[in-house]
Each structure stands twice: as structure tokens, then as C-alpha cells.
Amino acid sequence: MIKVAVVGVNNIGKIHCEAYKRLPDTELAAVCDLMPERAETAGRLHGVPSYTDLRELLARESVDVVIVATAGVEKGSHHYEPAMIALEAGKAVFVEKPLSNNIEEARRMVAFARERDLVLACNLNHRFTPAAYKAKELVDAGKLGSLLFLNMRLTIRNPQEDTEWLHMRALHPHSIDVMRYFAGDVKRVQAFMTKAPGRTSWSTVSVNMEFASGAVGHLTGSYDMSMRHPIEYCEVAGHEGRLVVDNVYESMTYYPHHSDELTVVRNSIFGGMKGFDDTFDQRIGCFIEELKKGVKPQEITASGADALAAQEVIEAAIRSQQLGGAPVTVPS
């Protein structure tokens, strides 16, 4: 039985608490939140000890995994301290995205976990769907041939205005992770951004990418669209075929260049994913299964290193915007 502590029990943290109670091989052992009333409420609800100090929790409770579901500025400024406390205690750590909104903090987290050979994973849940799994299988099998281009779109409605870079840092770890899942590391970016009427943040973006493989790509992102309509689209194309993953989990279609026969994977009405929230169960289930199997930290799916790689692309895109759209090399 894998014993789990959840740090930060508001919103996403509540989803985590329920998930680890449902999984047959995990036990929610304790909860922690800086707000005493929130921690106590979660503790009573789930019948586990509650704390406001993570160090005290780790000193008193038997815990294998620490989930960091805190928030903060740009949805990431409160991740670093609890993640480092847990890593210093030798625990496996699972962090909500972004790993940190501060790139130096994200780099230190990944470097520390690597030095200590500890598991550090991130909730990059958009690629944890049957449609994405099938797409990845086709890419890895060479069904697309040499990759040539990717087109990615992730657009939702979020009126929040933390900082001018909120949209990039809070949302697009997902987009870039999906693109890297299929095409590998990004070498260079060029970004152009705009603000919707009445906004102070760069709420809609266009990012050109050059991958290390030589493939090219494009990301369109926005916090200014409607949630009533499809939010995500990913097209991956090579010299032998192309595929489209539509709206995260709804379908995957493979278009071979030399045949009229398509391969289509659709989300089933019965037994399929019932909604976007199911991506959390898919991602969390994969994480726990890898822990049970003893997967090496450097081989963990959607690892801290993957999250950092996406964050490096984001920071390069921000720099490109600051430079008036000049191309910027992504640190390797």
C-alpha cells in the first residue's frame, strides 16, 4: 500500500484526495494546508490527520509520496518550498503544473531530485488519454515517417490577470508537453502575443517552434475563448502520414498518405472517458503504477525533467515576445 500526503487541499487538491482514496493500491495518509480551517475540514472529510506544517507531517506520519497541489501566483509560486521539503525528506514527489513559475526554482527542483535519485513527477495530464496513447504508438512505429510539422491549439476562457505572463506559465506546460510527447525537444521559438480588449496580460499567443529533430511546429493559445466548444487540437505530420488528436480525448484519426483507409479511435459512450476530469485519474493511475513497478526516477512518465523542458520553452517564448518576436534558443 502506497501512503500519500496531499499538500494544498483546495480545488485540485480535493481531486487528488478523492483519487488516492479510490485507487486500490494507495492510502490517503494525511493532508496539509497553510490555512488551518481548510486543512482541518479536509482531514475530517477524509478521516486522516491534518497539518499546517509539512515538516511536522513528515516527522509524525508514515508517508511514501507527497502531492504538491498548492497554487500561488501564476498557479505555481507555492510549489517550490513544499516540493523541496518533501524531496529533502527522501519522498517521491508529484507536483501540479507548472513545476514552478520561477524557472530557477524549477531547475533546482529537478537538479536536486536527480542528484538524490528521487522520483519527481508532474501533472501533465493532457497526454494521458487513449487517443494520445494510440497517436504515440503510431508515431513510434514510424507510421508517419520522418516528422515534418506539428500544429497545436489550446484555448480556454480564463479572466484571471495575475501577471502579464499568467497565460503562458499556467496553461501552456500542457500544450508544450503534448508537442514534446510526439516530437521531442524544442530547439528554438519565436513568439507573438496580443491582449484581448480590457486585458492587461498577454492573453492570446502564437508561438513558432523548431524541434531538435528538424521538424517545425506552431502553438496557438488563448485565455479568451469559450469553454462551450472544443478546447484542444493537435496535428502531427510526417512524410508518410499525419494524425489528429481532437479535443484531448474525443478522438484520434490517422491519415496515411498512400491509402484511403483511415484509423480512427473514438471515445466510447459506454466505458470511455466521461469527461476531462478523467484525465486526472489516468495520469495519477500511471504514476502509482510506475511507483509500484519500481520504475527508475529518470524513466518516470511526465517527469519533473519533462515539466522543466516545457517551462524552458515557455520562458524562451516570453523572451522572444520581449525582444519583439526575435527567435530565441531554448536551453538544452
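I started with the charged pairs and found 19 salt bridges in the structure. For the record, a salt bridge here is a side-chain nitrogen of Lys or Arg within 4 Å of a carboxyl oxygen of Asp or Glu.

Before going on, I noted that this is a predicted model, where local features need pLDDT of at least 70 and side-chain atom pairs count only at pLDDT 80 or more, while totals for chains, interfaces and linings use all residues. Residues are numbered from 1 along each chain as its sequence is written, and side-chain values use heavy atoms, with hydrogens and water left out.

**One salt bridge up close**

I picked Glu161 and Arg199, whose closest N and O atoms are 3.1 Å apart. This pair ties together distant parts of the chain, with the two positions 38 residues apart in numbering. Glu161 sits in the loop between S7 and helix H7 (166–183), and Arg199 sits in the loop between strand S8 (186–194) and strand S9 (204–211). The H and S labels are DSSP runs numbered from the N terminus: helices are H or I with at least four residues, strands are E with at least two.

**Two domains**

Next I looked up the domains. I found domain 1 at 2–118 and domain 2 at 130–282 + 309–329; such bounds come from an automatic or database domain assignment. Their centres, taken over C-alpha atoms, are 28 Å apart. Domain 1 puts 15 residues into the contact and domain 2 puts in 17, where contact means heavy atoms within 4.5 Å.

How much area do domain 1 and domain 2 bury between them? I got about 1200 Å², with 57% of it on carbon and sulfur atoms. Buried area is the accessible area (1.4 Å probe) that two parts lose on being put together, summed over both. On the domain 1 side, Glu74, Lys97 and Ile103 lose the most area to domain 2, together 43% of what that side buries.

Then I went back to charges. Three salt bridges cross the interface of domain 1 and domain 2. I also looked at Arg107 and Glu312, whose side chains meet in a salt bridge at 2.8 Å, N to O. Between the domains I counted seven residue pairs in polar contact, both residues at pLDDT 80 or more. A polar contact is a pair of N or O atoms within 3.5 Å; within protein, one must be able to donate a hydrogen and the other to accept it, and residues adjacent in sequence count only if both atoms are side-chain atoms.

Which elements give two or more residues to the side of domain 1 that touches domain 2? They are helix H1 (12–22) and helix H5 (103–116). H1 brings the largest share, four residues.

**The six-strand sheet**

I traced an open sheet of six strands, ordered S3-S2-S1-S4-S5-S6, with parallel pairing. Strand S3 (50–51) and strand S6 (120–122) are at the edges with a single partner strand each, so one side of each has no neighbour in the sheet. Two strands pair if DSSP finds at least two bridges between them. Strand S4 (residues 65–68) and S5 have four bridges in the parallel sense, and Val66 stands opposite Val93 in S5.

Past strand S5 (92–95), in the loop that leads to H5, I found Pro98. A cis peptide bond joins Lys97 and Pro98, with omega about -10 degrees.

**The nine-strand sheet**

The other sheet I looked up is open too, with nine strands in the order S14-S13-S12-S11-S7-S10-S9-S8-S15 and mixed pairing. Why is one side of S14 and of S15 left without a neighbour? Strand S14 (263–266) and strand S15 (328–329) stand at the edges, so each has a single partner strand.

Strand S7 (residues 147–155) and strand S10 (residues 216–222) pair in the parallel sense over seven bridges. Thr155 has Ser222 in S10 as its bridge partner.

S13 and S14 run antiparallel, joined by four bridges, and Tyr254 stands opposite Thr263 in S14. A hairpin of six residues links S13 to S14.

My last stop was Val248, in the loop between strand S12 (241–246) and strand S13 (251–256). Val248 has a phi near 70 degrees, a positive value in a residue other than glycine.
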